[in-house]
Amino acid sequence: MRPRLRGWAVAALSGVALGLVGAAPPAAPTGDVKLGEAVYKEICFACHGATGDGKGPSWLNTMPRPQVFRNPNYMARLTDQYLFEVVKYGKLAVLRRDPPTTVESLAMPAFGHVLEEEQVPALVRFVRAFLDGGPQPAEIREIYKDACETCHGPNGRGDGPRAISAQPAPRSFVSEGQPAPADYADPVFMARFSDEFITALIKKGRIGVIEEAGFDTMKPYGHVLSDEEVWGVVRYIREVLQKP
Ligand code: HEC
Ligand code: HEC
């Protein structure tokens, strides 16, 4: 009985591990950088910027601001398969797990029902303080420990227990699911969010902030791009823009 149980547990665990390994790039290495560059310069540059700095001509029209592909700290936390699916299906569909997805998405949960109204702005300041060194009152740290630390980590680096070191430590954690939690100490990353956005995010969660609060996210491009073009643009982002 005992060995059988152990065997089952091991199988279950390695099943999880395999699922995550399976999320690693299967078709990615064949993506054509040249094809990806053409796609990028036609469509993506408008928001993400010609150099991947997140500041294309339309960057001020979205909240959150477009992802900064030049930011290796954040980008190392995302698998190629996740990037592919976000571009093909759109981020909302991936977070909701609508597509026949092979990545396990981990959307930031909603806390509006468990937090007092005034605790939310206090948490926004607490989160910002990882970067600007502002005060982090003990009672808000308690809330952070209970509600946020499991994903965001003790110092807000996105390396809590629900992050696994599927990529080399120390800084390049990939979370248990995609997308990886934020690194609050990263100025480039945090500059993409207004206080209004973060407030709504904490209250309504990552899906609610889009569906209920009406904030933006990455739209799907699968209807205008072939899979080859999407893999190409993933390669272009990784090999040309991200420059690790
Ligand atoms: C209309 C503006 C716009 C265009 C055009 C656009 N994006 Fe985005 N993209 C965004 C925004 C805004 C985000 C941030 C979404 C968020 O944080 O919810 C984003 C995020 C992303 C992400 C990161 C998702 C994450 O979870 O961090 C990837 C990858 C991406 N875009 C790829 C592309 C590619 C490739 C193209 C071209 C085919 C493209 N985008 C075109 C606005 C745009
Ligand atoms: C189950 C894991 C989990 C928990 C618990 C969690 N978060 Fe998150 N959080 C995430 C993930 C994943 C992201 C990245 C979302 C994205 O990029 O789409 C995120 C992103 C964020 C961001 C950055 C904005 C963004 O869209 O990336 C802030 C700020 C944030 N969380 C605050 C909090 C606070 C405050 C708490 C506690 C009240 C908390 N989170 C609890 C998973 C979690």
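Which elements are included in what covers the buried residues of α4? The points below begin with that helix and then turn to the core, the ligands and the loops.

1. Covering of α4. The model under discussion is predicted. The cover over the buried residues of α4 includes α5 (91-96) and α11 (227-242). Of the 10 residues of α4, 10 are buried, so the helix is largely enclosed by the rest of the structure. The buried positions are D80, Q81, Y82, L83, F84, E85, V86, V87, K88 and Y89. Directly after α4 comes G90, which has a positive phi near 90°.

2. Overall composition. The protein chain contains 11 helices and 2 strands. Read from the N terminus, the order of its elements is α-α-α-α-α-α-α-α-β-β-α-α-α. The protein chain has 244 residues, of which 35% count as buried. Among its contacts with a separation of 6 or more, 64% are between residues 24 or more positions apart.

3. Nonpolar core. In soluble globular proteins, nonpolar side chains tend to be buried together. Here the largest nonpolar core holds 41 residues, and the members that touch the most others are L83, V233, V234 and I237. Two or more residues of this core come from each of α2, α3 (72-75), α4, α5, α6, α10 and α11. The largest share, 7 residues, is that of α11. L83 is also one of the buried residues of α4.

4. Packing of α2 against α11. The axes of these two helices come within 7 Å and cross at roughly 90°. The crossing therefore makes α2 roughly perpendicular to α11. On the α2 side the contact involves V33, L35, G36, E37, V39, Y40 and C44, and on the α11 side E228, E229, G232, V233, V234, R235, Y236, E239 and V240. By class, this contact comprises 9 nonpolar, 2 polar and 5 charged residues. V233 and V234 belong both to this contact and to the core members that touch the most others.

5. Surroundings of ligand 1. The shell around ligand 1 has 21 residues, the closest being C44, C47, Q67, T217 and M218. Both α2 (33-48) and α4 (80-89) supply at least two residues of this shell. The largest share, 6 residues, is provided by α2. The shell divides by class into 14 nonpolar, 5 polar and 2 charged residues. C44 is among the closest residues to ligand 1, and C44 also takes part in the contact of α2 with α11.

6. Surroundings of ligand 2. Around ligand 2 there are 22 residues, and M108, A147, C148, C151 and A182 are the closest. The elements giving two or more residues to this shell are α6 (119-132), α8 (149-152) and α10 (195-211). Of these, α10 gives the most, with 4 residues. The shell consists of 17 nonpolar, 3 polar and 2 charged residues.

7. Backbone geometry in two loops. Is the peptide bond from M63 to P64 cis or trans? The bond is cis, with omega near 0°. P64 lies in the loop between α2 and α3. A further point for inspection is R97, a residue other than glycine whose phi is positive, near 60°. R97 is placed in the loop between α5 and α6. With 13 other C-beta atoms within 10 Å, R97 is partly exposed.

Methods. Residues numbered from 1 in each chain as written. Chains lettered and ligands numbered in written order. Predicted model: local features only at pLDDT ≥ 70, side-chain atom pairs only at ≥ 80, totals over all residues. Near = placed C-beta within 6 Å. Nonpolar A, V, L, I, M, F, W, Y, C, P; charged D, E, K, R; others polar. Buried ≥ 20, exposed ≤ 12 C-beta atoms within 10 Å, placed from the backbone. Contact = placed C-beta atoms within 7 Å. Core = buried A, V, L, I, M, F, W, Y, C linked by C-beta atoms within 7 Å. Axes fitted to C-alpha atoms, helices over the stretch in contact; angles between N-to-C directions. Parallel < 35°, antiparallel > 145°, perpendicular 65-115°, else oblique.
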